[in-house]
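Reader: I have the sequence and the model open and would like a guided look at them. Let's settle the vocabulary before we turn to residues.

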Amino acid sequence: LAREAGARALLNSSIGAILTADDHGNILGCNPAAEKLFGWTEAEVIGKGVRELMGEPYRSLPKETLGAYYERARENPQGVSEIVTGRRRDGRDLTIDMSLSAVRAGDRTTYMTIMRDIGDRVAAEQRFEVIFEHAAAAHLLLRDSGIIGCNSAAVQLFAAPAKAALLALELGALLPEYQPDG
């Protein structure tokens with residue numbers, strides 16, 4: 001009993017939204033962060049199908065597809081992670097970073113989902129992409145592996161036939177300081 005109380009205290013103190021479900025996709029419980037994220041109390045979601053908290057296209061997927069997610073979580077000791085769409089009680093959709101893990105206790109498997117609302121981050125990334133793409137100055141995004149992104153102005157500056165052609169170039173082809181011999 002003390003162990004269960006300790007586990008519940010950990011779940012309740014998490015800033016991440018946590019749901020637990022059985023292998024049929026029925027919600028067994030949630031923490032206060034999940035209540036806040038979705039707008040439902042724990043008492044209201046217990047017994048509901050997890051798909052009721054999902055936005056499209058996940059909400060309309062066949063039940064077998066949900067089973068495939070659970071199977072992937074069972075097969076991978078670290079679980080699975082994916083960006084999905086959730087749905088709040090008021091009908092608004094959320095962009096969620098979801099991690100799903102299988103928790104085995106004896107012959108019983110329960111599934112734990114940890115979720116974070118990343119809608120603000122996604123919106124900021126989309127704004128950055130628009131600004132980046134439409135900037136008048138040429139911009140390259142670089143990593144050790146080479147060019148990983150560019151805007152239209154860079155394609156034009158380097159007279160590349162297309163963005164893909166510019167991304168395929170070795171960095172040294174554009175910038176002498178990146179050539180192996182300097």
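Author: Happy to help! Two strands count as paired if DSSP finds at least two bridges between them, and the helices (H or I, at least four residues) and strands (E, at least two) are DSSP runs numbered from the N terminus. This is a predicted model, in which local features need pLDDT of at least 70 and side-chain atom pairs count only at pLDDT 80 or more, while totals for chains, interfaces and linings use all residues. Residues are numbered from 1 along each chain as its sequence is written, and side-chain values use heavy atoms, with hydrogens and water left out.

Reader: Great. In what order do the strands of the open sheet lie?

Author: The sheet has five strands with antiparallel pairing. Its edges are strand E2 (27-30) and strand E3 (80-87), each of which pairs on one side only. Reading across from one edge to the other, the order is E2-E1-E5-E4-E3.

Reader: By how many degrees are neighbouring strands of this sheet turned against each other on average?

Author: Axes here are lines fitted to C-alpha atoms (for helices, over the stretch in contact), with angles running from 0 to 180 degrees between N-to-C directions. For this sheet the direction is ignored. The average turn between neighbouring strands is then 30 degrees.

Reader: Which residue in E2 is the bridge partner of Thr-20?

Author: Strand E1 (residues 17-21) pairs with E2 in the antiparallel sense, over three bridges. The two form a hairpin with five residues between them, and in the turn Gly-25 has a positive phi of about 85 degrees. Across that hairpin, Thr-20 has as its bridge partner Gly-29.

Reader: And at the other edge, which residue in E4 stands opposite Val-84?

Author: E3 is joined to strand E4 (residues 93-105) by eight bridges, and the two run antiparallel. Within E4, the residue opposite Val-84 is Ile-96.

Reader: Which element gives the largest share of the largest nonpolar core?

Author: A nonpolar core is a set of buried Ala, Val, Leu, Ile, Met, Phe, Trp, Tyr and Cys residues joined through side-chain atoms within 4.5 Å; buried means under 20% relative accessible area, exposed over 50% and partly exposed in between (1.4 Å probe, protein chains only). The largest core here has 28 residues, and those with the most contacts inside it are Phe-38, Ile-96, Leu-100 and Met-115. Elements that give two or more residues to it include E1, H2, helix H4 (63-75) and E5. The largest share, five residues, comes from E4.

Reader: How many residues make up the second, separate core?

Author: As a general rule, nonpolar side chains tend to be buried together in soluble globular proteins. In this model the second core includes Ile-147, Ala-154, Ala-160 and Leu-166. Its residue count is eight.

Reader: What distance separates the C-alpha atoms of Leu-37 and Arg-88?

Author: Leu-37 is found in helix H2 (residues 32-38), while Arg-88 sits in the loop between E3 and E4. Contact means heavy atoms within 4.5 Å, and the contacts of Leu-37 beyond four places in sequence include Arg-88, Leu-94 and Met-115. The two residues are 51 residues apart along the chain, yet their C-alpha atoms are separated by 7.2 Å.

Reader: Is Arg-88 buried or exposed?

Author: Beyond four places in sequence, Arg-88 touches Lys-36, Leu-37, Phe-38, Gly-39, Trp-40 and Leu-94. A polar atom of its side chain lies 3.1 Å from the backbone oxygen of Lys-36. The relative accessible area of Arg-88 is 18%, so this residue counts as buried.

Reader: How many disulfides does the count come to?

Author: A disulfide is a pair of cysteine sulfur atoms within 2.5 Å. Cys-30 is buried at 5% relative accessible area, and Cys-150 is buried too, at 2%. By the distance rule, the number of disulfides is zero.

Reader: Which residue does a cis peptide bond join to Glu-56?

Author: The omega of this bond is about 5 degrees. The partner lies in the loop between helix H3 (42-45) and H4. The residue joined to Glu-56 is Pro-57.

Reader: Last one: is Ala-159 buried or exposed?

Author: Ala-159 lies in the loop between helix H6 (152-157) and helix H7 (163-168). Although it is not a glycine, Ala-159 has a positive phi of about 55 degrees. With a relative accessible area of 64%, Ala-159 is exposed.

Conventions
A polar contact is a pair of N or O atoms within 3.5 Å; within protein, one must be able to donate a hydrogen and the other to accept it, and residues adjacent in sequence count only if both atoms are side-chain atoms.
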